[in-house]
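Subject: The structure for you to look at

Hi,

Here is the structure I promised to pass on. Please open it first, and then read my notes alongside it.

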Amino acid sequence: MTFGEQPAYLRVAGDLRKKIVDGSLPPHTRLPSQARIREEYGVSDTVALEARKVLMAEGLVEGRSGSGTYVRERPVPRRIARSGYRPDSGATPFRQEQADPAARGTWESHSAQAEASGGVAERLGLQAGERVMCTKYVFRDAGEVMMLSTSWESLAVTGRTPVMLPEEGPLGGMGVVERMAAIDVIVDNVTEEVGARPGLAEELSALGGVPGHVVVVIQRTYYASGRPVETADVVVPADRYRIAYHLPVK
């Protein structure tokens with residue numbers, strides 16, 4: 001096979017990827033061996049190995065100890081709806097969706113005081129090291145972890161108030177807007193920046209991914225009169241979910 005300017009290993013990986021996508025190599029099929037790739041494409045062992053590494057990094061194939069490399073099952077992406085920062089019920093969007101009897105979502109959380117890192121402090125308009133309430137969430141759908149979230153709130157705002165702990169007290173679980181309103185902090189704006197990156201080891205361990213898998217990261221910040229009062233990182237496996245925005249037209 002004659003290859004153009006594109007590196008040979010990418011051309012080989014591209015052809016194998018096409019076969020996986022169009023079903024010529026269906027899920028659970030063993031990927032051609034390194035020797036077979038070398039022979040079929042007329043490339044070196046190094047090129048064959050690098051092509052396999054590309055497919056593995058893309059999450060299309062997985063190695064099975066003592067057995068070989070196999071095509072992975074390709075999940076059908078499901079949607080996670082994000083529909084604005086103040087639902088009528090006061091509940092967070094995830095809780096609102098799970099109010100449907102057909103929904104199978106559950107979540108758990110843990111809050112603890114911490115010192116704001118440089119990045120978190122910048123997002124909250126604080127000095128590094130100032131005290132914040134850090135709340136970590138794990139969201140599940142039918143028992144499968146679907147989303148992780150870490151939220152930070154300045155204790156200069158919520159400390160020594162009934163809403164200091166986001167998931168406890170009379171307004172526990174009601175969402176940032178309603179909790180802040182209870183202490184006369186009126187949230188009037190929210191920003192969300194969406195990006196993607198390789199998942200961290202601990203994230204992929206929780207989400208059931210493999211090394212190299214990509215996650216979608218939503219960096220959200222709530223503001224009251226220009227002052228940031230809460231910021232969070234929401235992490236979603238990119239191969240299993242799509243983020244759907246439903247924004248009101250004003």
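To start you off: which residue in strand 6 is the bridge partner of tyrosine 137? The partner is serine 149. Please keep in mind throughout that this is a predicted model.

**Overview**

The chain has 250 residues, and 39% of them count as buried. Its secondary structure comprises 8 helices and 10 strands. If you take the contacts between residues at least 6 apart in sequence, 57% of them join residues at least 24 apart.

**The six-stranded sheet**

I would begin with the open sheet of 6 strands, where the order is 4-5-6-9-8-7 and the pairing is antiparallel. Its edges are strand 4 (105–115) and strand 7 (189–198); each has a single partner strand, so one side of each is left without a neighbour in the sheet. On average, and with direction ignored, neighbouring strands here are turned by 15 degrees against each other.

Going through some of the pairs:

- Strand 5 and strand 6 run antiparallel and are joined by 10 bridges. These two strands also form a hairpin, with 2 residues between them.
- Strand 6 is joined to strand 9 (residues 227–237) by 6 bridges, again in an antiparallel arrangement. In this pair, glutamate 153 has glutamate 230 of strand 9 as its bridge partner.
- Strand 7 pairs with strand 8 (residues 214–224) in the antiparallel sense, over 10 bridges. Here glycine 195 is matched with valine 217 in strand 8.

Strand 6 deserves a second look for its surroundings. Of its 11 residues, 10 are buried, so strand 6 is largely enclosed by the rest of the structure.

**The other hairpin**

Strand 1 (residues 61–64) and strand 2 (residues 68–71) are antiparallel and share 4 bridges. Valine 61 has valine 71 of strand 2 as its bridge partner. The two strands form a hairpin with 3 residues between them, and glycine 66 in that turn has a positive phi of about 75 degrees.

**Two residues with an unusual backbone**

Most residues other than glycine have a negative phi. With that in mind, have a look at two places in the chain.

Histidine 28 is not a glycine, yet its phi is positive, at about 75 degrees. You will find histidine 28 in the loop between helix 1 (8–21) and helix 2. Is histidine 28 buried or exposed? Neither label fits: its relative accessibility is 47%, and therefore histidine 28 counts as partly exposed.

Alanine 142 is the other case, with a positive phi of about 55 degrees although it is not a glycine. Alanine 142 sits in the loop between strand 5 (131–141) and strand 6 (144–154), and thus in the turn of the hairpin these strands form. With a relative accessible area of 47%, alanine 142 is partly exposed.

**How the helices pack**

Two packed helices are described by the angle between their axes and the distance between the axes. I looked at helix 3 (residues 45–57) with two partners.

With helix 1, the axes come within 8 Å and cross at roughly 50 degrees. That angle makes helix 1 oblique to helix 3. The crossing is right-handed. Helix 1 contributes Ala8, Tyr9, Leu10, Val12, Ala13, Leu16 and Arg17 to the contact, while helix 3 brings in Val47, Glu50, Ala51, Val54 and Leu55. These residues divide into 10 nonpolar, no polar and 2 charged.

With helix 2 (residues 34–41), the axes come within 9 Å and the crossing angle is roughly 115 degrees. Helix 2 and helix 3 are therefore roughly perpendicular to each other. Helix 2 also passes helix 3 in a right-handed crossing. The residues that meet are Gln34, Ile37 and Arg38 from helix 2 and Asp45, Ala48, Leu49 and Arg52 from helix 3. By type, this contact has 3 nonpolar, 1 polar and 3 charged residues.

That is what I have for now. Happy to go through any of it with you.

Best wishes

Terms used. Residues numbered from 1 in each chain as written. Predicted model: local features only at pLDDT ≥ 70, side-chain atom pairs only at ≥ 80, totals over all residues. Heavy atoms only, no water. Axes fitted to C-alpha atoms, helices over the stretch in contact; angles between N-to-C directions. Parallel < 35°, antiparallel > 145°, perpendicular 65-115°, else oblique. Left-handed = near helix turned anticlockwise from the far one by under 90°. Contact = heavy atoms within 4.5 Å. Nonpolar A, V, L, I, M, F, W, Y, C, P; charged D, E, K, R; others polar. Pairing = 2+ DSSP bridges. Buried < 20%, exposed > 50% of the residue type's maximum accessible area, 1.4 Å probe, protein only.
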